[in-house]
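Biologist: I'm new to this one, so please pick a single part and take me through it slowly. I'd like the contacts spelled out, with the cut-offs behind them.

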Amino acid sequence: MHEKISKTRGKNAPTLDAEAMLEWYDRSARTLPWRVGPQARAEGVLPNPYFVWLSEIMLQQTTVPTVGKYFAAFTSQWPTIFDLAAAPRDDVLKAWAGLGYYARARNLHACAQVLVEEHNGIFPASAEELQKLPGIGPYTSAAIAAICFDEQVAVVDGNVDRVVARYTALDKPVRDQKPFVREVVARSVPKRAGDFAQSLMDLGATICAPKRANCLICPIAQNCAGRKSGAPENYPVAAPKKPKPQRFGHAFVVQNQRGEIFLRQRPEKGLLAAMTEVPGSEWIGDRTEPAFPFTGDWHKRGTIDHVFTHFALEVTVWFIQSDTPPTETGWWQPRDTLTGEALPTAFKKVLQKALK
DNA sequence: AAGGCGGGGAA
DNA sequence: TTCCCAGCCTT
């Protein structure tokens, strides 16, 4: 059974029961700020492509609860794509600060400007065209095309990977089986492509969850190979994971007589690109002595720990009261306005530790 | 094809 | 702790 499925690229590929999925979705769809529910959709209400796009970008590798506040803040500050395109990029980075994967924010702003300048602010209605835009890849293009325009494309995200891997009892890491998963979904997409896509994501989020497959209430348990195996949680097969290296560094928090803190902007490329930071050392694999930017009465305030995607970081936090700028470029920021800056979480921790 | 790129909630 | 989330881009 497994062998046949895994080799298949055509007619023998299994399909998902779209009818059962849609019937379940009509009863159980999650209510989300950017979503037009199945009832309203049936009555002809169309989703706002700007909201759908914005939410999809925010939801890349990010959970629904985390996105909630950011989505509300963005749509309040920039109600339309034209507002967002006209905003200074730094304002967008400030609003994105804390959400992570900051390339998304830079691409979001660039995409808004392309859409306004080259498409009259109108979203292309096909996945193929959407994928040409910055920050929009295979998943997001398909999601927007399906949800907004009911294009019958396969929308495959992490949830769908898991659902299909279980449904077919896929015996290889799903990461290497994208074409197979896409094929299964593509063969299943009904006319109501948008609702179907969202039903699959809701199923993955609420029933076919990572560590618990609630088969008793699953609308497609009937033909699920994972359920039949007796241990659906065995799927998807886990890919080997790499150890996370530890890095160390120092941060130098300087406060002047007016109570302002010295900040600077990070480079345009690389980690936390173009975001705001506290001056400090490089982050390397060994603990080193601090190379203070100038001599003075530096106070050690302790360390903070932070985990990035590919390494863990320990920063020793130093504080000094001085009017000397620690670096060539940068600026003095009033303490009570720090929260509005484009500070990634690691630097918010640094400042919290230094100023407590 | 592989690696860089955040952060937080759930178990 | 570990997992992994409505992924994309660069090399």
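Modeller: Here's a close look at the protein surface near DNA strand C. First, the ground rules: this is a predicted model, where local features need pLDDT of at least 70, side-chain atom pairs count only at pLDDT 80 or more, and totals for chains, interfaces and linings use all residues. Residues are numbered from 1 along each chain as its sequence is written, chains are lettered from A and ligands numbered from 1 in the order in which they are written, and side-chain values use heavy atoms, with hydrogens and water left out.

Around DNA strand C you'll find 26 residues, counting any with a heavy atom within 4 Å of the strand. Glu-56, Gly-135, Tyr-139, Asp-157 and Asn-159 are the closest. By class, the surface splits into 10 nonpolar, nine polar and seven charged residues; here Ala, Val, Leu, Ile, Met, Phe, Trp, Tyr, Cys and Pro are nonpolar, Asp, Glu, Lys and Arg are charged, and the others, Gly among them, are polar.

What does the protein meet on the DNA side? Sugar or phosphate supplies 69% of the strand's atoms within 4 Å of the protein, and bases the rest.

Now for some polar contacts (pairs of N or O atoms within 3.5 Å). The side chain of Thr-140 puts an N or O atom 2.8 Å from a phosphate oxygen. Gly-158 uses a backbone N or O atom instead, 3.0 Å from a phosphate oxygen. Arg-30 goes for a base: one of its polar side-chain atoms is 3.1 Å from a base nitrogen.

Helix H10 (138-149) and helix H11 (158-167) are the elements giving two or more residues to this surface; helices here are DSSP runs (H or I, at least four residues), numbered from the N terminus.

Conventions. Polar contact = N/O pair within 3.5 Å; in protein donor to acceptor, adjacent residues only side chain to side chain.
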